[in-house]
Amino acid sequence: MNLQRLLSCSWLLTRPKAMQTFRRAASQGKNPSFSPSLTLHAVRQWSNVPFFTVPLARAHGKSFGHRSELRQAKRIVVKLGSAVVTRGDECGLALGRLASIVEQVAVLQNQGREMMIVTSGAVAFGKQRLRHEILLSQSVRQALHSGQNQLKDMSLPVLEARACAAAGQSGLMALYEAMFTQYSTCTAQILVTNLDFHDDQKRRNLNSTLHELLRMNIVPIINTNDAVVPPPEPNSDLQGVISIKDNDSLAARLAVEMRADLLIALSDVEGLYDSPPGSDDAKLLDTFYPGDQHSITYGTKSRVGIGGMEAKVKAALWALQGGTSVVIANGTHPKVTGHVITDIVEGKKVGTFFSEVKPAGPTVEQQTEMARAAGRTLASLDSEQRSDIICALADLLTERKDEILTANKKDMELTVSTGRLSPAMLKRLSLSSSKLNSLSIGLRQIAVSSQDSVGRVLRRTRVANNLELEQITVPIGVLLVIFESRPDCLPQVSALSIASGNALLLKGGKEAANTNRILHELAQEALSIHGVKEAIQLVSTREEVEDLCRLEKMIDLIIPRGSSQLVRDIQRAAKGIPVLGHSEGICHVYVDHEASIDKAIKIIRDSKCDYPAACNAMETLLVHRDLLRTPLFDQIIDMLRTEHVKIHAGPKFASYLTFSPSEVKSLRTEYGDLECCIEVVDSMQEAVDHIHKYGSSHTDVIVTENEETAEQFLQQLDSACVFWNASSRFADGYRFGLGAEVGISTARIHARGPVGLEGLLTTKWVLRGEGHTAADFSEQGSMTYLHENLPVAQSLTGRRNIS
């Protein structure tokens, strides 16, 4: 017998005196003094295990109402279904998958949580073992009878499940022990049957044993004793108590008995669907509420195991009623298995979460569907109707400014009292009468520019006689705009989405909750003019940004408006959804040796000091080497000091100075404050090379009186915005005459720079024929291609439904 298994913790559990001696020695800070021949493995595993009880994060009795609360889960049961533990051939275990699950459980255990595993797999493990033994036995017998090494085809008998379980239990447990040992985590095996829960004394003993194991930081591995368990009896549930028919019901019963905070049931499906997975209209349910069973159509059971989704739902609802939160998720998907358990505990949208708390309003999925449906109607309106909506919103911003400013004042007071935002961010949060007036003017510009934007014909071609092709502009679909501390963003983006016929989902920062709410109400009031109120939705539920980025089947484009960190986080989190934006705004101003002193001072001051937190503010000042120790350079330094700008010296600039400012840590830094880097270059070409290497392709400026140098700079630089003798702060949709912008993009495709109305449109091709087929144009066909360009003014497409 394997010595490691002989000396495992399960040996200690069968000997109360040994356990008592071990605990007493451990509490005194000593190693237990059992015979080395019997306890070496146990001591090695236990010598560094702390014996303490971490208080529960909450009083048990009521399940968590929202996913974000799952982070508070202290005691967790992880149920591993047969499809998760076993290989596809059902003979043997999926070792790689099991190893990743063990790692996650060990990580959570080491965080101070109390983990329990309810596992399948004994039958599959035993089946593999018995098949091997039978094949070996048959081959030996055949070799003895034939006297030859050539063996005939051998058929395997049908293996009885109980025998397989008996043969597989020990090997399954040995495997768990070996895996958990890698993380200095001790395990203990417990086999149960339904009778153990019906007998009060046995149930108390089981409860006591599990509590003692958890107290000693041991992970219990629990399974039904399939070697002796009788077949499940139909409808055998006692009043108010679930019967143990499979590991789903076992996990639920155990979770409630042990007052667990969370039960994670892993299977081979993503979660609970409203109809059988794989069917055309099947939708994964993010959250399931008691009473929703009537809306579910169950499919077939998994390829292995005796349960099914119906059994899982029944067990989950029973556990939920007992005060344990439940998540059913996929434990077999190769891309998520390595973090599915930890993701669930972190509150991420994985699988189906069972909750007793229904949200007051629609879910974010429902909001998205409502927005898409209304958005299609919005896109079918003519341009004058969409313009009417935008003008109505512009009027409401000024007519209802007192309500808006009152809400904004409340947000400002709450934010200031908490001290969460920097002065620059507070400035973004603040609204004023002048800001609202400017917003109203910008919206009217959008209303004018929106004329004939949707359905505009870009190209017309006569492909052949009576076969004409058009390329027309159409909305993208559903936009998700996530913005921080900038409530003025809401009406701007709303107007652009209306003008472009796009549905819109908005997620603002909680610091602007009151302001965002009133602005959204005004946007929907304006949309109601033409019956498309639901086209713009404000997500006010406790949805994590990362969860929103996973709605790839519902959202067509994500536009982040906020810090570079927010943009980077969204770009990482977005799965299959394009993200329009820039992660950094590292803007440069290059002062050439032929620059005007007055222009240089004016442009640098405005680029850096007008709004340091803006993404189009200057972060690096590049100075031609010939300007060092000249009056122009001295005036630049004096101006920056007067404006209280902290200067960081680039490596080359620092080499010219005896006493230099603090040397910059990185030439690729976005300060977002009254700070900047100064670096020296030898030429315009070196400035371009520096910007290409360290810039973010946002906005870059040259200050020079030499037109040839300026044009070379403008042509060679591939940033989204390149300026000559103008402040970097002009990189803005409103200043460009776009009315407003949804953001600034540094992407190479679709839209670059300030993205206004045009950037929220895509195209589709419309072909009109009279029974034409591709075969008509083959060698044996009677038609030939013409491919003649036609004037676009003759099209009537813009007056049709183009969504």
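1. How many helices and how many strands are there in the chain? In this predicted model, the chain contains 27 helices and 24 strands.

2. The chain has 803 residues, and buried residues account for 51% of them. The accessible surface amounts to about 36600 Å², and carbon and sulfur atoms hold 51% of that surface.

3. Contacts were also examined by separation along the sequence. Of the contacts between residues at least 6 apart, 75% link residues that are at least 24 apart.

4. Three cavities of 30 Å³ or more are present in the structure. For the largest cavity, the volume is about 50 Å³.

5. Which residues line the largest cavity? The lining consists of Lys79, Asp248, Ala251, Leu263, Ala265, Lys312, Ala315, Ala316, Val326 and Ile328. By class, seven of the lining residues are nonpolar and three are charged, while no polar residue takes part.

6. Two helices and two strands deserve attention when the largest cavity is inspected: α11 (247-257), α12 (309-321), β5 (262-267) and β7 (325-330) each contribute at least two residues to its lining. The largest share belongs to α12, which supplies three residues.

7. For a reader viewing the model, the lining can be traced by element. Asp248 and Ala251 are lining residues within the range of α11 (247-257), and Leu263 and Ala265 of the lining fall in β5 (262-267). Lys312, Ala315 and Ala316 also line the cavity and lie in α12 (309-321), whereas the lining residues Val326 and Ile328 belong to β7 (325-330).

How values were computed. Residues are numbered from 1 along each chain as its sequence is written. This is a predicted model: local features need pLDDT of at least 70, side-chain atom pairs count only at pLDDT 80 or more; totals for chains, interfaces and linings use all residues. Side-chain values use heavy atoms; hydrogens and water are left out. On a 1 Å grid over the protein atoms alone, a cavity is a set of points where a 1.4 Å probe fits but cannot get out, and a pocket is an open set with protein on both sides within 12 Å along at least five of seven lines; lining residues have an atom within 4 Å of a point. Grid points are joined across faces, edges and corners, and a volume is the space filled by probe spheres set on the points. Helices (H or I, at least four residues) and strands (E, at least two) are DSSP runs, numbered from the N terminus. Ala, Val, Leu, Ile, Met, Phe, Trp, Tyr, Cys and Pro count as nonpolar, Asp, Glu, Lys and Arg as charged, and the others, Gly among them, as polar. Buried means under 20% relative accessible area, exposed over 50%, partly exposed in between (1.4 Å probe, protein chains only). Contact means heavy atoms within 4.5 Å. Accessible areas come from the Shrake-Rupley method with a 1.4 Å probe; for residues, only the protein chains shown count as cover.
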